[in-house]
Amino acid sequence: MSLRTRTAALLAATGLSAGAAAAGDVEVLHWWTSGGEAAALNVLKQDLESQGIGWLDMPVAGGGGGNAMTVLRARVTAGNAPTAVQMLGFDILDWAREGALADLNEIAAMEGWDDVVPEALQAFAKHDGKWISAPVNVHSTNWVWANKALLDQNGIEIPTTWDEFTTAVEKLAAAGVTPIAHGGEAWQEATVFDAIAMSAGGPDFYRSAFIDLDESALGSETMREAFDRMAFIRGHVDENFSGRSWNLATAMVINGEAAFQMMGDWAKGEFLNAGQTPGEEFLCFRFPGTVEQVTFNADQFAMFDQGGAVSPEQAALASAILSPSFQSAFNVVKGSVPARTDVSDADFDACGRQGMKDLAAASSSGNLFGSMAHGHAAPASVRNAIYDVVTAHFNGEYDSSTAVRELVDAVELAK
Amino acid sequence: MVPERDYRTRLQVWLPKLVLSPSVALIAVFVYGFILFTVYLSFTDSRILPSFGLVGWSNYEKLFRLSHWEISIANLGVFSVLYIGICTVIGLALAIFLDQKIRGEGVLRPIYLYPMALSFIVTGTAWKWLLDPGIGLENTMHDWGWESFSFNWIKDRDYALYCVVLAAVWQTSGFVMAMFLAGLRGIDNEMLKAAQIDGASNFSLYRRIVIPQLRPAFLSAFVILGHLAIKSYDLVIALTGGGPGRATELPATFMYSYTFTRNQMAIGASSAVIMLMTIAAIMVPYLYSELREQKQ
Amino acid sequence: MDTAVRTGNVARTFIYLTLLLFALFYMLPLFVMLVNSVKPLSEITGGNMMSFPEVWTLDPWRDAWSKAQVGVQATGLRPYFWNSIKMVVPAVAISTVMGALNGYVLTKWRFRYDTILFGFMLFACFIPFQIVLIPMARVLGLAGIAGTTSGLVLVHVVYGLGFTTLYFRNYYAAFPTELVRAAQIDGAGFFRIFWRILLPSSGPIIVVSVIWQFTNIWNDFLFGASFADFDSQPMTVALNNLVQSSTGVQEYNVHFAGAIYAALPTLLVYVVAGRYFVRGLMAGSVKG
Amino acid sequence: MGFLEIRNATKSYGSVEVLHEIDISVEKGEFLVLVGPSGCGKSTLLNMIAGLEGITGGEISIRGNIMNGVHPSRRNIAMVFQSYALYPNMTVAQNITFGLEMHGVAKSERERALRDVARLLQIEQLLKRKPAQLSGGQRQRVAMGRALVRDPDVFLFDEPLSNLDAKLRVDMRTEIKKLHQDLGATIVYVTHDQIEAMTLSTRIAVMNAGRIQQLGTPREIYDTPSNVFVATFMGSPSMNLVPVTVRVDGANVIAEVAQREGKRIGLKFFRPCEALRARDGRAVTLGIRPEALTDVEGADQRSIHVERMESVVGVAEPAGSDTFVTTRIGGVDCVARMRADAEVAPGSNAEFALNMEKAVAFDPETGLRIV
């Protein structure tokens, strides 16, 4: 308690107002440097510039935002925090707890964010009843992407349960097709694990294991079953998976080298870029056994406290981010769905529309959960501890029983 | 008759210390001050930013319960032995070969040296390609008709660390070569002639006469390689990201990830303290013996 | 220099073969980068990594320099290249000058405990940079130079001092002290002796120091990313942004061209000054 | 008071005193040589005069001005170093005029001084070269030129000839001597070579273990060394030291030498002084220079006191102008300096002439000279 206030005092003392950005500018730290994302962000930039607000670009790519978070740490410690920072899940809450973020309640109230942003998402955009960041999008992570031609050739319907899925995978394997395209990085394995845990134990299990971090759930028989299912997946990926980035795995599905990929909705952009159309060349469906659930992660822009009140530029940026036009324009490109539920789906394709529908449904039925793999279920320390166990198990270091034991231990140490 | 106080002499006495003092002050603050700060952090409950609630030794207790840390330490052991050993052998061999009045030495030397000029941010992608069985050497050999050629270490939990060693050796062995070459060129030629007259074969000439005289170069090489091994970070990130699984994690990647991506700054700090102690355990005796020797 | 060792023909063939083999090994990554930076993307995704391009193109080079997407705007690497230059040149100059003066004091103006002090300074070479990130940020913030090129210069000077001092100290240790005494009797003061007597003879070791500092500072990513603002980000950060972008088509040819741009200055320094490097090492760092 | 005065000077490094209470007074125009084995403190003393090393105790003055703590460049001295210490990056001309430049002497003045010195040392044709392009002797000249051009009160030489080969060393020695005679400069010169000391100096200070053992003219040092150290250090081959027993025989004092098979020889001292008489029956060390021990024909004809004795010839070494012969006297090997054509065969008995006028005696315990 007292140390929290002391940290806050430290931050205040370093003078967060001493940001390098001159009045009338916003300096934005983000890791969207690839063509499509950057182009989408450029929409935002132009929007602000039309209001006379300059955009000072501070991109730091790499490590799924990891590098950017390190930079942020240094910038804040130096008393030179950027005005707005792209952030994910628990990172936002952690920074809010340090007292580093600005209060956006005024603009939020004016524009009625409370009514249009799903509750589960608000949990990451508000702290102590105050809006502290502006959500850009909602990614849902429990998607499966499939090469339609391969499925048709082998007479496979879209599987909706785990059993149907295993049957399909084995059929493909028997036909000499690589059933599953996978990139061997910890976060990708955890993404798959998210969906498998959800399908193996259902939403209650998911909540108690990954959100409440309940020891009995983490050490349960169901968790062992989840690891067994991971082992099944491991048995049906090609031998070259290790270290492959996700988009190369997606390319395997696009090129017909593999049938399925379990990946978040950002994979869609790759298919579209390759000139494919959902429902024709490729298919998208929820991970078998999680048809009603949506696990999500959301990119947000957190506003750093620039000395007490939120600056007009920050308010303008937040407002621009949450404007329906930007939400639509950006998410059409990015493959995600808007962070507010009242955006028209006119510009979205089939997968996008389904995503929006799923999100709304899951949100109202209480089936919308933060993704563990993407830092929306537990803090970074726990998330990475789970990564360690999942990836060690996936790479054959542990058997399933050991993995369950290690998981309990690792989460305990990281709490 | 006493001359007036010689201000110039007095200034000249103080000037050297004055000139040295900014450097000493900078290093005192930015190296030793920061080390103390890190030691302090390792006893606190810092997570996302430094905080100052003391928690005693619990971070160290946690650290040594983490299997992740055990793996990093074990990997560092294997990595540093292989890296230092192979670099020294290759560096020495190339230096000896290059010292045989080789035609084209002027071309070869920069080729051996240039990897030191490049960071793994630059060469990382190329290395990833080379090692990847689907694109790299294996694929190339298959294309060229050597179908049975297999080189998939990077994908194999038990061998991936050797790929890291390979790239690390690629980067520094040329530099080690340069150090040995400099040492070889400093050896008195008359002694070599004398040894040959004594009937020493080339092999025994190098083993008995030349290599023992390269002791200073060996020591410099060990120290430089030793601390590079402990600090190795970017090549792991560029090549494997610590994978497959955790097979190529090293203490430096461990420290970075706990401090900055896992928001467990205090545990990161305690691992940093262990690393610093390891470096000190290598460096202090070396510096002590070296500097003592120079003093005689 | 002439070697007294004689080798037979078989041995020489073996030696040449080994040397060439290793040259190939060292060249391999650079070759891959070069050859793929002049191919169109289609040839890369479809073809062999090692094969020469069927269609030669310089577009990737042009794109990487001035058109590639490294942030919101497609600026290419060009602006960052100049940021790097603005940081590297003063940092190398200052750390070399300070190292030279330190080496001069530690060898020619010896005082009690000077050796211990040198050992103390030398340990600065071995500190892992990750641990200084947070406290350094704080100090830069307090000094009011956070996010500026001056801040980066300071950081690089501090962590280069150990090396430059080491090089110059070892070099000047072999420099005859009598020359300093003669100059003192001739009436030259502390700085005049350094400027007129030592510095003109320091060529080889200056080369070593400059090469070392230039490559280290130019290649640094961690400090550059953490302590730079939007307007002072160095080349390595930009290259990282170019290469690490995770979505969309990976334009490998542009990545390789960009990587070579980032490598060019250091490569140039090594190739141009490389032959003085061994000489400088001989004169300084590895003598016992 | 002397031109250069060293009073009670001591030097310590930490708690170790390396120079003990040095007292030397040098007159204007004197050529003082500090000689001694390495580590005796002679170079340290020179550096203290130059101001390159501090003075721990006592004082040093030049022309009556106390120099303790005065910067080297303000003592009006010049120094020639063993390695010459030529600045490698400057030309010969720049090397020579650097000191003048540092002292703010105008350019025209410097050039005039340079011309004079170059003419004096005959190095006019070398002025544009760099030190690396010079031979050893040429470098030596340039180093001297650098000292001369300053026209200092005192010249300091630190073993300036030890890096030259034997022939050049002799030539340069002569030249330095000539310069001293022509210019009348005051010189303090450090060497470990006793021949240089003898040939160059007007006075010699023999040093050992941080003390001055003897300070005197070359003749005094050579003929009447004040102790065994000076006696053996100065002169080549060095003085023979023979253990003898003193026996008073009326007006005479005899030195009794034990030869083979219990045979004893008596040698009469030239000056039978009281100090010797007091030692009747006790052992002393007899010091005989090789040139005082000769074949009979070669004996100094002017000497009024030559003793003869027979002894067995050990080794004979013809050296051109002389032949050196070893023989055992009093149980120790002695060197005799014979004429070149003296007929001696190793193993044979020969007659030796011993010039007792030149013989000295030392106390074997303290090492100090008795007569």
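Here are some questions and answers about a predicted model, starting with chain D.

Reader: How many helices and strands does chain D have, and over how many residues?
Author: Chain D runs to 371 residues, and 42% of them count as buried. Its C-alpha trace spans about 80 × 45 × 35 Å along the principal axes. The secondary structure adds up to nine helices and 20 strands.

Reader: What share of the contacts in chain D with a separation of 6 or more comes from residues 24 or more positions apart?
Author: We leave out pairs below a separation of 6 and then look at those 24 or more positions apart. In chain D their share is 65%.

Reader: How far apart are the centres of domain 1 and domain 2 of chain D?
Author: The assignment cuts chain D into domain 1 (4-233) and domain 2 (240-362). Contact between the two involves four residues of domain 1 and five residues of domain 2. On the domain 1 side, those residues are two nonpolar, two polar and no charged. Taken over C-alpha atoms, the separation of the centres is 39 Å.

Reader: Why is strand β14 of chain D largely enclosed by the rest of the structure?
Author: Strand β14(D) covers residues 283-288. It's largely enclosed because the buried ones among its six residues number five.

Reader: Which residue of β14(D) stands opposite P243(D)?
Author: Strand β11 (residues 240-249) of chain D pairs with β14(D) in the antiparallel sense, over six bridges. Opposite P243(D), in β14(D), you'll find T285(D).

Reader: And which residue of β20(D) stands opposite G287(D)?
Author: β14(D) also pairs with strand β20 (residues 360-362) of chain D, again antiparallel, over three bridges. Look across from G287(D) into β20(D) and you land on V360(D).

Reader: Over in chain A, which element gives the largest share of the side of domain 1 that touches domain 2?
Author: Domain 1 of chain A is 2-139 + 298-353, and domain 2 is 143-295 + 368-414. Their centres sit 29 Å apart, and the contact takes 17 residues from each domain. On the domain 1 side, the elements giving two or more residues are α4 (89-97), α7 (119-125) and α17 (350-365) of chain A. The largest share, four residues, belongs to α4(A).

Reader: How does that side of domain 1 of chain A divide by class?
Author: Still on the side that touches domain 2 of chain A, we can sort the residues into nonpolar, polar and charged. The count is seven nonpolar, six polar and four charged.

Reader: Which helix gives the most to the largest nonpolar core?
Author: That core has 439 residues, and I386(A) and L156(D) have the most contacts inside it. Leaving aside residues up to four places away in sequence, I386(A) touches A190(A), M372(A), L407(A), A410(A) and V411(A). The top contributor to the core, with 19 residues, is helix α7 (residues 160-185) of chain B.

Reader: Which helix gives the most to the side of chain B that touches chain C?
Author: Here 81 residues of chain B are in contact with 74 residues of chain C. The chain B side divides into 52 nonpolar, 19 polar and ten charged. With 16 residues, the helix that gives the most is α1 (residues 7-41) of chain B.

Reader: Within what arc do the buried residues of α3(C) fall?
Author: Helix α3 (residues 59-67) of chain C has P60(C), D63(C) and A64(C) as its buried residues. They line one face of the helix because, seen down the axis, they fall within an arc of 95 degrees.

Conventions
Residues are numbered from 1 along each chain as its sequence is written. Chains are lettered from A and ligands numbered from 1 in the order in which they are written. This is a predicted model: local features need pLDDT of at least 70, side-chain atom pairs count only at pLDDT 80 or more; totals for chains, interfaces and linings use all residues. A residue is buried if 20 or more other C-beta atoms lie within 10 Å of its own, exposed if 12 or fewer, and partly exposed in between; C-beta atoms are placed from the backbone. Two strands pair if DSSP finds at least two bridges between them. Two residues are in contact if their C-beta atoms, placed from the backbone, lie within 7 Å. The arc is that of the directions from the helix axis to the C-beta atoms. Ala, Val, Leu, Ile, Met, Phe, Trp, Tyr, Cys and Pro count as nonpolar, Asp, Glu, Lys and Arg as charged, and the others, Gly among them, as polar. A nonpolar core is a set of buried Ala, Val, Leu, Ile, Met, Phe, Trp, Tyr and Cys residues joined through C-beta atoms within 7 Å. Domain bounds come from an automatic or database domain assignment.
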